[in-house]
Amino acid sequence: MDFEFSEEQVMLRDAVRRTMDRLATPDLLRQLDRDQAYPYTLYDAWIQQGLMQMPFPESIGGLGGSVMDMVIIAEELSRKGFDLFTAYSSNVFCGLTLMRKGTAEQQQAWLPPLLDGRLRMSISMSEPDAGSDLSGMRTKARRDGDDWIISGRKLWATGAGARNNFINVYARTNANADYRQGMSLFLVKNDSPGLELKKLDMLGRRSVGTYELHFDDVRVPGDQLIGEVDKGWDCLLSGLQYERVTSTAGYCGAAQSVVDMALDYAKDRRQFGKPLVENQAIAHMLADMQTEVDASRLLLWHAAWRLMKGHDALRAISMAKLFGSETYVKVANQGMQILGAFGYSMEYDMQRHYRDARSTTIGAGTSQIQRNLIARLMVSGKM
Ligand SMILES: Cc1cc2nc3c(=O)[nH]c(=O)nc-3n(C[C@H](O)[C@H](O)[C@H](O)COP(=O)(O)OP(=O)(O)OC[C@H]3O[C@@H](n4cnc5c(N)ncnc54)[C@H](O)[C@@H]3O)c2cc1C
């Protein structure tokens, strides 16, 4: 077993860290959160650094990066905030779905502009009645000549309102079939006639933003249906494991940043004539926090390794996702305690982590759904 990063991976990690340290300053992060403003300057820097090209094959202008390379990038971007990472990750996930399920023409049409930053992509499945259980999906798409017409309502669409964004919309194309055989995936420009976007007032992840979408007979050209008609479920499943692994890397990076912040504060802050960290109650809290973040990272690396090797990875990925997200929530809560009233102040970044962390046991499959899945795989003896 080898836990060492390659020389290239160390260079990648250091380069992304340097970029983020230089550009994602505390002032900028506070302003983006306060003004609910999309991180365009950071996004442009990631494009220039080639990060969007990283996971795609060279044949399409990518750099052919591995799952582990993406784990490294995810952790580094998320150190400054998990919210920021979602601006990057939704594009990667959508692009990889196109790579797996799109036709050669669709790949040529959509991937180069995605990789060089001319357009963005986000994902929209959830609806008022369709959360963990997508059988409640009501948004419909019907044929009209060569086009499709979408009507319905979507919720919680991260980053849908960003400039030049094409939303990857899942909609029912066969009302009589089970959703797994009756929904399809469409690329819908976010300023299409008939589509109305509303930015929702959420507790956290306020920079990239979470949107409600109303589709009032939105016309979509036929060549913007990805994969086969009624095969949207296959598109969704094809990338789920990769999405959960990289998101978990994001939780680890953000949680590590929380621990670092709490440790620095506990070393600096003096009460009763000594630094906070010299109180065993605080030192033990910090020791538990780092231990749990390291345990999350080891679960993550194991899951990433299984995925890279092509082994069954669902159980390992679900465990890593479950533990990583719950650890982020837990350490952010402990970090708030260690920083006292300063943690509760909007002038310090701990409260932003505390708010952002709370979304991670809900999005990308809730903790309860991960536990259901892990238990089911245990019962059936599968990995
Ligand atoms: C910040 C944020 C960003 C998001 N971004 C996106 C996005 O970009 N695109 C998108 O499509 N969606 C997005 N979502 C939606 C997300 O995918 C859903 O919130 C998630 O699937 C859970 O659905 P729900 O919130 O409707 O909860 P529900 O499914 O209604 O669940 C409510 C509670 O019941 C529990 N529960 C449900 N079923 C079971 C069960 N069988 N056994 C035990 N417990 C159960 C859940 O774990 C949860 O605790 C986002 C959500 C958040 C919070």
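Which residues in H1 meet which residues in H4? Start there. The model on screen is predicted.

**Stop 1: H1 and H4**

Select helix H1, residues 7-23, and helix H4, residues 67-79. On the H1 side, show Gln 9, Leu 12, Arg 13, Val 16, Arg 17 and Met 20. They meet Met 68, Asp 69, Ile 72, Ile 73, Glu 76, Leu 77 and Arg 79 in H4. Colour this contact of H1 with H4 by class: seven residues are nonpolar, one is polar and five are charged.

Now look at the geometry. The axes of H1 and H4 lie 9 Å apart, and the packing angle is about 20 degrees. Angles under 35 degrees count as roughly parallel, so H1 and H4 are roughly parallel to each other. Their crossing is right-handed.

**Stop 2: H4 and H9**

Keep H4 and add helix H9, residues 240-268. The axes of H4 and H9 are 7 Å apart, at an angle of about 40 degrees. H4 and H9 are therefore oblique to each other. The crossing of H4 and H9 is right-handed.

Select the H4 side of the contact: Val 67, Met 70, Val 71, Ala 74, Glu 75, Glu 76, Ser 78 and Arg 79. Among the H9 residues they meet are Tyr 242, Val 245, Thr 246, Ala 249 and Gly 250. Further H9 residues in this contact include Cys 252, Gly 253, Ala 254, Gln 256 and Ser 257. By class, the contact of H4 with H9 has nine nonpolar, six polar and three charged residues.

Glu 76 and Arg 79 deserve a click. Both belong to the H4 side of the contact with H1. Both also belong to the H4 side of the contact with H9.

**Stop 3: the largest nonpolar core**

In soluble globular proteins, nonpolar side chains tend to be buried together. Here, the largest nonpolar core has 102 residues. Select Ile 150, Phe 186, Val 188, Val 245, Ala 262 and Ala 303, the members that touch the most other members. Helix H9 supplies the largest share of this core, 13 residues. Val 245 was on the list at the previous stop too, in the contact of H9 with H4.

What does Ile 150 touch, leaving out residues up to four places away in sequence? Show Thr 139, Ala 141, Val 169, Ala 171 and Phe 186, which are among its contacts. Then add Val 188, Phe 215, Val 218 and Val 220, which Ile 150 also touches.

**Stop 4: two positive phi angles**

Select Asp 217, in strand S7, residues 210-220. Asp 217 is not a glycine, yet its phi is positive, about 50 degrees. Is Asp 217 buried or exposed? Asp 217 is exposed, because 12 other C-beta atoms lie within 10 Å.

Move to Gln 36, in the loop between helix H2 (26-35) and helix H3 (40-48). Gln 36 also has a positive phi of about 50 degrees, and it is not a glycine either. With 14 other C-beta atoms within 10 Å, Gln 36 is partly exposed.

**Stop 5: along H11**

Select helix H11, residues 314-344. Click Ser 318 in this helix. Ser 318 has 24 C-beta neighbours inside 10 Å, so it counts as buried. Leaving out residues up to four places away in sequence, Ser 318 touches Gln 370, Leu 373 and Ile 374. Tyr 242 is 76 residues from Ser 318 along the chain, and their C-alpha atoms are 11 Å apart.

Next, click Phe 323, also in H11. Phe 323 is buried, with 21 other C-beta atoms within 10 Å. Outside the four nearest places in sequence on either side, Phe 323 touches Ala 295, Ser 296 and Leu 299.

Now add Arg 371, in helix H13, residues 367-380. Arg 371 is partly exposed, with 13 other C-beta atoms within 10 Å. Measure from Arg 371 to Leu 322: the C-alpha atoms are 7.6 Å apart, across 49 residues of sequence.

**Stop 6: H11 and H12**

Finish with H11 and helix H12, residues 350-357. Their axes come within 8 Å and cross at roughly 150 degrees. H11 and H12 are therefore roughly antiparallel to each other. The crossing is left-handed.

Residues of H11 in this contact include Tyr 328, Val 329, Ala 332 and Met 336. On the H12 side, show Met 350, Gln 351, His 353, Tyr 354 and Ala 357. The contact of H11 with H12 has nine nonpolar, five polar and no charged residues.

Methods:
Residues are numbered from 1 along each chain as its sequence is written. This is a predicted model: local features need pLDDT of at least 70, side-chain atom pairs count only at pLDDT 80 or more; totals for chains, interfaces and linings use all residues. Axes are lines fitted to C-alpha atoms, for helices over the stretch in contact, and angles run from 0 to 180 degrees between N-to-C directions. Helices (H or I, at least four residues) and strands (E, at least two) are DSSP runs, numbered from the N terminus. Angles under 35 degrees count as roughly parallel, over 145 as roughly antiparallel, 65 to 115 as roughly perpendicular and the rest as oblique. A crossing is left-handed if the near helix is turned anticlockwise from the far one by less than a right angle, and right-handed if clockwise. Two residues are in contact if their C-beta atoms, placed from the backbone, lie within 7 Å. Ala, Val, Leu, Ile, Met, Phe, Trp, Tyr, Cys and Pro count as nonpolar, Asp, Glu, Lys and Arg as charged, and the others, Gly among them, as polar. A nonpolar core is a set of buried Ala, Val, Leu, Ile, Met, Phe, Trp, Tyr and Cys residues joined through C-beta atoms within 7 Å. A residue is buried if 20 or more other C-beta atoms lie within 10 Å of its own, exposed if 12 or fewer, and partly exposed in between; C-beta atoms are placed from the backbone.
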